[in-house]
Structure formats: C-alpha cells, structure tokens
Amino acid sequence: MVVSLDYYRVFHCVAEAKSISLAAQRLYLSQPAVTRTIRKLEREIGCPLFVRTPRGVTLTAEGEKLAAHVLNAMNQLDTGEMLVRKLAVYGSGSLSIGTTENALAPFLLPRLKSFCAEYPGAHIHVTGGSTDDLLAMIRSGGIELALVMEPIGDTSGLDITPLRRYQDIFVAGEAFAQLRGEVLSAQDLTRFPLVGLERGTSSRRHISAWFEAQGALFEPQYSVRTSMTVLPFARHGLGIGTASLDVLDATDAGGLFEIALSSPVPPRSLCLARSDSARRSALCQKFIERLL
C-alpha cells in the first residue's frame, strides 16, 4: 500500500461526517491537520475526493467509489481487531493437545473442564498417542503441546517440564485371588501370564527396565496398544496387568486388586512437552499456565 492507512482513516471519517470540523472532533485532530491529510490523499490518488458546500463537504464521483472500498476495508480491520482481542482476552481460538492415556483421565480432563468453563468459546482438539508419537507430532507442527510420560528419549527441539509423579503398579482379577496378601518380586511375576503395552512405548520401556534391574525379563503373553486395554484383560483373568495407580483411581477398577511388590516400580514423571522454538497462541499460553 503506497498511501498511508492513516490517510484512509481520516478520509473515511470525513466521508461519514460530511464535515471537516466534525471529523476533526471525532479524530481528536485540528481542522487544518484534517484538511492537509485530505489534500495529501487527493495528490497521491490524483483526483479530488470532496467538494465543499455551504453545509460541509460532499464526495465527488471518484470519492464515492473510493469510500465504498474504504468502508469495507475499515469494517474488515475492525472485525480482525475484535477477533484478535477476543483471542487474547477470551481465548476463543483453537488449541491442539496431545495426550497419553495415563494422563487423560486423572490429569488432563479435570483441568480441561475448568479451562473450558473459563473460556467457553475455545475449540479444543485432543489427540491420543504414545509418548514417541506425540513428540513427533509436536516437531512436525501437528499439535501445539502434549502430556507425555517418562522415559523420554530424544528431546532435541523440545521444551520438557515435569508436572507430577506417577506410580506404575501391577493389578490382577479374581482369577488370581490366591495372590492377595502375597509379596512378589519381578522374578515371581514371570511365572504368571502378563499383560503389557506393546514395544516402542515409554511404559513398556519403563517396566522392562524394572524387570531387567532385578535380573528378570518382561515378556508379556498379551501385548496391547493402549494402557486402558490392559485393565479388561486383567479383569477377565487373562493375566496380571501393568497400570498406573492414578489411572486405576480415575477409572472403574471393579474386580481388580493391586499386587504387592517386594521392590516397587520406580515412579516416573508426567511431563508437558512443547516446541522450544514455535510461537504460541495466547490460548495455548493460557492453557500452559493452567497446567504448571
């Protein structure tokens, strides 16, 4: 745009007021300043835009055509300004969040509920996945942030903040009622059918490391895709399953009991992950503040 936008704002105000003096009052400018601006605009465009009358000014034919376009442009600017203000103040934009199942029910959903109550116009898109998958989505720009579980491998390009500690446990159904009150080691667990997450997940790596630290090998008879799938297997007596204590508390654990361990699985952290370079929207920043 060659002509200053301020010239068009003055032109728009004069066209609406049909008076240099009234436009000057509305713009908090002096009459000579408004007159100079209109003359500069006419020189830039190359034709007169107003004709003076005893009662003020009227638009020329060229001025009428320009005024129609300027009015549309001013309305667009006002709409854009209101939208941005709304995004910053009321959070009526969109937010893409990734989460592991361990974080969904016990951590994300309660905070999402209170956040959406405060920002009811916000559009939230939640994607589930493993820690590795979600970190890849952050790097590619598919999601803005994610709730992931340790252990985390490559953290390049990421900002990782621990949020809270999670405790992994083993659970069983009534088919293994004889184990109530018993204290088992990792080696003891290998004598029973086990249910765990598939290879390539942070949960599988964490549990496998615990078994290896005690000289045992974690080879579940049933490998499943999601942590929530483990519980039905255990409930139906197919094996002893791995679970997070927080997830168990946040779901219907009917018919399941916790296996006592001689050496508990080390706790691990739920972490907030986001790009260390991408610019964040106002809505995203407000949600991050809610999580921290």
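Student: In this model, is serine 275 buried or exposed, and what is its relative accessible area?
Tutor: The model is a predicted one, and in it serine 275 lies in strand 14. Residues count as buried when their relative accessible area is under 20%. Serine 275 falls below that cut-off and is therefore buried, with a relative accessible area of 13%.

Student: Which residues is serine 275 in contact with, leaving aside its neighbours within four places in sequence, and which backbone nitrogen does its side chain reach?
Tutor: Leaving aside neighbours within four places in sequence, serine 275 is in contact with Ile138, Glu144, Gly157, Asp159 and Arg280. As for the backbone nitrogen, the side chain of serine 275 reaches, at 3.1 Å, that of serine 277.

Student: In what order do the strands of the open sheet that includes strand 14 stand, and which strands are at its edges?
Tutor: Five strands form this open sheet with mixed pairing, and their order is 4-3-5-14-6. An edge strand has a single partner strand, so one side of it is left without a neighbour in the sheet, and this applies to strand 4 (123–128) and strand 6 (158–166). Neighbouring strands of the sheet are turned against each other, direction ignored, by an average of 20°. The order asked for is thus 4-3-5-14-6, and the edges are strand 4 and strand 6.

Student: Which helix packs on this sheet, and what angle does its direction make with that of strand 6?
Tutor: The helix touches strand 3, strand 4, strand 5 (145–149), strand 6 and strand 14 (268–275). The helix in question is helix 5 (residues 101–118), and its direction makes with that of strand 6 an angle of about 105°.

Student: In which sense do strand 3 and strand 4 pair, and which residue of strand 4 stands opposite isoleucine 97?
Tutor: Strand 3 (residues 94–99) is joined to strand 4 over six bridges, and the two pair in the parallel sense. Opposite isoleucine 97, in strand 4, stands valine 126.

Student: What kind of ring pair do phenylalanine 115 and phenylalanine 287 form, and how many residues apart in sequence are the parts it ties together?
Tutor: Nine aromatic pairs are found in a search of the whole structure. In this one the ring centres are 5.0 Å apart and the planes of phenylalanine 115 and phenylalanine 287 stand at 75°, so the pair is edge-to-face. Phenylalanine 115 is buried, with a relative accessible area of 0%, and phenylalanine 287 likewise counts as buried at 0%. Because phenylalanine 115 lies in helix 5 and phenylalanine 287 in helix 11 (residues 282–291), the parts tied together by this edge-to-face pair are separated in sequence by 172 residues.

Student: Which residues do ring pairs link into a cluster with Trp210?
Tutor: The rings of tryptophan 210 and phenylalanine 211 have their planes at 85° and their centres 5.1 Å apart, so this pair is edge-to-face. Both tryptophan 210 and phenylalanine 211 are buried. The cluster that ring pairs link together holds, along with Trp210, the residues Phe170, Phe211 and Phe218.

Student: Which strands stand at the edges of the sheet with the order 10-9-11-7-12?
Tutor: This open sheet has five strands and mixed pairing. Within it, strand 9 (residues 194–197) and strand 11 (residues 240–244) pair in the parallel sense over two bridges, and leucine 194 stands opposite isoleucine 240. Helix 8 (residues 202–213) lies across strand 7 (168–172), strand 9, strand 10 and strand 11, running at about 85° to strand 7. Each edge strand has a single partner, so one side is left without a neighbour in the sheet, and the edges are strand 10 (222–224) and strand 12 (257–258).

Student: How many residues lie between the strands of the hairpin formed by strand 1 and strand 2?
Tutor: Strand 1 (residues 50–53) and strand 2 (residues 56–59) run antiparallel and are joined by four bridges. In strand 2, valine 57 is the bridge partner of arginine 52. The number of residues between the two strands of this hairpin is two.

Student: Is proline 232 buried, partly exposed or exposed?
Tutor: Proline 232 lies in helix 9 (residues 227–235). Its relative accessibility is 33%, so proline 232 counts as partly exposed.

Definitions and conventions:
Residues numbered from 1 in each chain as written. Predicted model: local features only at pLDDT ≥ 70, side-chain atom pairs only at ≥ 80, totals over all residues. Heavy atoms only, no water. Pairing = 2+ DSSP bridges. Axes fitted to C-alpha atoms, helices over the stretch in contact; angles between N-to-C directions. Contact = heavy atoms within 4.5 Å. Buried < 20%, exposed > 50% of the residue type's maximum accessible area, 1.4 Å probe, protein only. Polar contact = N/O pair within 3.5 Å; in protein donor to acceptor, adjacent residues only side chain to side chain. Phe/Tyr/Trp six-rings, centres within 6.5 Å; stacked < 30°, edge-to-face > 60°.
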